[in-house]
Amino acid sequence: MAEERALRGRVVTRERVIEDGAVVVAGATIAWVGEAADAAAAGHGPAVDAAPQHTGYVLPGLVDLHCHGGGGASFPDATSAEDVLRAVAEHRRHGTTTLVASLVTAAPATLRTLVGLLADLADAGEVDAIHLEGPFLSHTRCGAQDPTLIQDPDPALTTEILELGRGHVATMTLAPEKPGNPGPDGVAARLAAGGALPSWGHTDAGPDEARTALTESAEQLRAPGTRSGKPTVTHLFNGMHPLHHRDPGPIAEFLAAASRGDAVVELIGDGTHLAPQVVRSVYELVGRDNAVLVTDAMAAAGMPDGTYRLGSMDVTVADGVARLTDGGAIAGGTAHLLDVVRTTVAGGVPLVDAVHMASATPATVLGRGDVGALEAGRRADVVVTDDDLRVTSVLRLGKVMA
């Protein structure tokens, strides 16, 4: 039996903050979570008594569904496992213990190569899944995606990518108005059949097109073997037709679906992509089980201002904001997921729910029951922070991240 050790502080569970709580870890697994005063009766007294009482917070390891890189390395530009691992390590050190590696719009040959590379690292447990942001997107709402590489929806290419991903492709961003994305044998249907989720976004769709895509994909995801029963929405508000009362676009439909529990919306709550008040309003509208906090981080996360690449596009980072060098569109984030949680809490979302949207809800999207919460039997992924939600230490599979 593995030796027990404990982390003691203000423990953030799915239901509440335990002011003097403890998380007991045995090897790679959480053995017990509860009030420190109850540890002895539960058989974990020696481990908890030996642990220093921390004044900050003890959180579950965070789960990022949408991340393009960090630490100077970019998943869409990786040429080796070392490139990928450099970005992964940057986010692990800052509390993201489950990470989905996101690609951007690229030529089919490039996508095939990168999906194969990332699948190998997913097999090794270094990344947790793959997200393809494109290439079947709207030219009008391409954002930082290369418009010259956007292509018409191709179900056959989708099936090939899923096969290359060997079960690790979790999501693909699709524009609902593009013929061949929805439909009985469209890209979304191929994703559902292959264990992945359509993530509707980068879209100029109207409300009817958005509703049709959401309804179809929700039905397709009810089949046995799907990763989750809900489609997702790629970074709500960003890269899509804005909401206007006479020209509504897709946003109201995305919000309505999430409020019904039929979709999960991504929110880049870094204070740059979305005002914190917008994040708070969406949370209040759809609830914590239907919204996830993401970073959309690119290579500049954790790095100084300067010039970077995001796939085929040049990016300039100034004052911590990444924009395309040519055109000025926002080109991903530079925050870690814990930074997004901190900004979201400062914007008025309760801490327990902000953490839930960065851990338990994205874990559910991935179909993972072993991560995303501080509960006995789950993987020993634990983040310790100070009073200001700034990381002091991180455990992943019970091991301290350097």
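Which residues does UniProt place under the feature "binding site"? In this predicted model, the unreviewed UniProt entry puts that feature at Ala 144, Asn 238, Gly 239, Arg 246, His 273, Ile 330, Ala 331 and Gly 332. The set covers a span of 189 residues in sequence, and its farthest two C-alpha atoms sit 29.6 Å apart, so these positions do not all gather at one spot. Even so, the largest pocket counts Ala 144, Asn 238, Gly 239, His 273, Ile 330, Ala 331 and Gly 332 from this set in its lining.

Two of the annotated residues are worth a look in turn. Ala 144 belongs to the loop that runs between strand S9 (129-133) and helix H4 (155-165). With a relative accessibility of 11%, Ala 144 counts as buried, because the cut-off for that label is under 20%. Leaving out residues up to four places away in sequence, Ala 144 is in contact with Leu 310, Met 313, Leu 324, Ile 330 and Ala 331. Ile 330 and Ala 331 also appear in the annotated set.

His 273 sits in another stretch of loop, the one between strand S13 (264-267) and helix H8 (276-286). Its relative accessible area is 11%, so His 273 is buried too. With residues up to four places away in sequence again set aside, His 273 touches Asn 238, Ile 268, Asp 296, Ile 330, Gly 332 and Gly 333. Ile 330 thus turns up among the contacts of Ala 144 and among those of His 273.

Turning to the overall layout, the chain splits into domain 1 (4-60 + 374-400) and domain 2 (62-366). Their C-alpha centres are 30 Å apart, and the contact draws on 20 residues from domain 1 and 19 residues from domain 2. Between them the two domains bury about 1,500 Å², with 66% of that on carbon and sulfur atoms. On the domain 1 side, Arg 14, Leu 389 and Arg 396 give up the most area to domain 2, and together they account for 39% of what that side buries.

Arg 396 also has a place in the sheet architecture. An open sheet of seven strands runs in the order S3-S2-S1-S4-S18-S19-S20, with mixed pairing. Strand S3 (29-35) and strand S20 (399-400) are the edge strands, each pairing on one side only. Strand S19 (residues 391-396) meets S20 in the antiparallel sense, over two bridges. In S20, Lys 399 is the bridge partner of Arg 396. Arg 396 therefore combines a bridge to S20 with a share in the area that domain 1 loses to domain 2.

Key: Residues numbered from 1 in each chain as written. Predicted model: local features only at pLDDT ≥ 70, side-chain atom pairs only at ≥ 80, totals over all residues. Heavy atoms only, no water. UniProt positions renumbered as here; feature names shortened; annotations may be inferred. 1 Å grid on protein atoms, 1.4 Å probe; cavity = no way out; pocket = protein on both sides within 12 Å on 5 of 7 lines; lining within 4 Å. Helix = DSSP H or I, 4+ residues; strand = E, 2+ residues; numbered from the N terminus. Buried < 20%, exposed > 50% of the residue type's maximum accessible area, 1.4 Å probe, protein only. Contact = heavy atoms within 4.5 Å. Pairing = 2+ DSSP bridges. Domains from an automatic or database assignment. Buried area = accessible area lost by both parts, 1.4 Å probe.
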